[in-house]
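This briefing concerns surface exposure and strand pairing. Please consult the sequence and the structure shown below while reading.

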Amino acid sequence: MSVAGEKYKAERGGTGETVKIVINALILALIVRTFLFQPFNIPSGSMKSTLLVGDYLFVSKYAYGYSKYSIPFAPDLFSGRIWATPPERGDVAVFKLPRDPSVDYIKRVIGLPGDKIQMIDGVLQINGTPVPKEKIDDYVTKDEFGTETHVPRYKETLPNGVSYTVLDLDPRSFSDDTPVYEVPPDHYFMMGDNRDNSTDSRVLGAVGYVPFENFVGRAGMVFFSVDEGAQAWQFWKWPWTVRFDRLFKVI
């Protein structure tokens with residue numbers, strides 16, 4: 001064989017190896033995304049101050065087992081969940097919006113199947129018992145001109161001992177007083193921590209009760225975070241836009 005032929009064979013072999021590596025990497029990424037962890041970013045302020053616009057986080061896909069929504073494009077291969085582990089009260093979870101499964105939402109699990117949930121004068125009630133709500137330091141934000149805004153912040157502690165903070169933008173909000181919601185079997189009641197700026201299970205026509213099948217996974221850790229309005233891909237701005245205090249923050 002000529003030198004040119006040997007060179008062509010070597011180049012072809014090198015290209016083939018590169019293609020194999022790329023294919024294997026894509027398969028590995030698909031497996032990780034489907035069965036282990038999936039990245040999500042926070043597009044709205046409904047979970048402030050737990051999660052902020054510009055946060056990027058990993059969601060544990062295996063935490064609740066797997067449904068068709070665990071698989072990219074949600075092929076209708078099976079119904080329900082396999083290897084299911086029910087969500088716990090207080091979990092922050094990503095789920096598919098019941099009325100439009102192409103949309104991902106992230107909220108906190110407040111009501112379990114069979115629970116009765118209600119808001120009375122801004123206080124969360126679970127099965128007729130008020131959830132302890134303790135006033136703590138205000139949540140402070142600054143606009144582009146440096147003007148500060150103070151929002152009342154409270155610590156809630158659920159019956160299972162899980163504590164977190166909630167914001168109260170408006171002490172007389174329409175969502176501060178609600179009817180009693182009775183959570184159906186195999187469904188969950190989800191609420192945002194930014195109580196007066198969250199479309200959640202309190203709005204039955206928009207979100208309502210979330211079927212267990214619609215759960216994608218449990219939020220685990222913020223792995224990256226940039227200021228609201230900044231672009232994560234603009235790495236040259238990272239020294240000024242990255243919120244370093246939020247990196248690797250466990251949720």
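In this predicted model, Trp236 has a relative accessibility of 46% and therefore counts as partly exposed, since that class lies between the limits of under 20% for buried and over 50% for exposed. Trp236 lies in the loop that runs between strand 16 (215-225) and helix 2 (238-241). The points below turn to its surroundings at the surface and then to two open sheets.

**Surface patch**
- Trp236 belongs to a nonpolar surface patch, together with Trp233, Phe235 and Trp238.
- The accessible area of these four residues together is about 520 Å².

**Four-stranded sheet**
- Four strands form an open sheet in the order 7-6-5-13, and their pairing is antiparallel.
- Strand 7 (129-130) and strand 13 (181-182) are the edge strands, each pairing on one side only.
- Four bridges link strand 5 (residues 116-120) to strand 6 (residues 123-126) in the antiparallel sense.
- Gln118 has Gln125 of strand 6 as its bridge partner.

**Three-stranded sheet**
- A further open sheet consists of three strands in the order 8-11-12, with antiparallel pairing.
- Its edges are formed by strand 8 (133-135) and strand 12 (163-167), each of which pairs on one side only.
- On average, neighbouring strands of this sheet are turned by 30° against each other, direction ignored.
- Strand 8 pairs with strand 11 (residues 153-157) over three bridges, in the antiparallel sense.
- Lys133 is located opposite Glu156, a residue of strand 11.

Note on methods:
Residues numbered from 1 in each chain as written. Predicted model: local features only at pLDDT ≥ 70, side-chain atom pairs only at ≥ 80, totals over all residues. Heavy atoms only, no water. Patch = residues over 30% accessible without salt bridge, like charges linked within 9 Å, V, L, I, M, F, W, Y side chains within 5 Å. Areas by Shrake-Rupley, 256 points an atom, 1.4 Å probe, with all protein chains shown as cover. Salt bridge = Lys/Arg side-chain N within 4 Å of Asp/Glu carboxyl O. Helix = DSSP H or I, 4+ residues; strand = E, 2+ residues; numbered from the N terminus. Buried < 20%, exposed > 50% of the residue type's maximum accessible area, 1.4 Å probe, protein only. Pairing = 2+ DSSP bridges. Axes fitted to C-alpha atoms, helices over the stretch in contact; angles between N-to-C directions.
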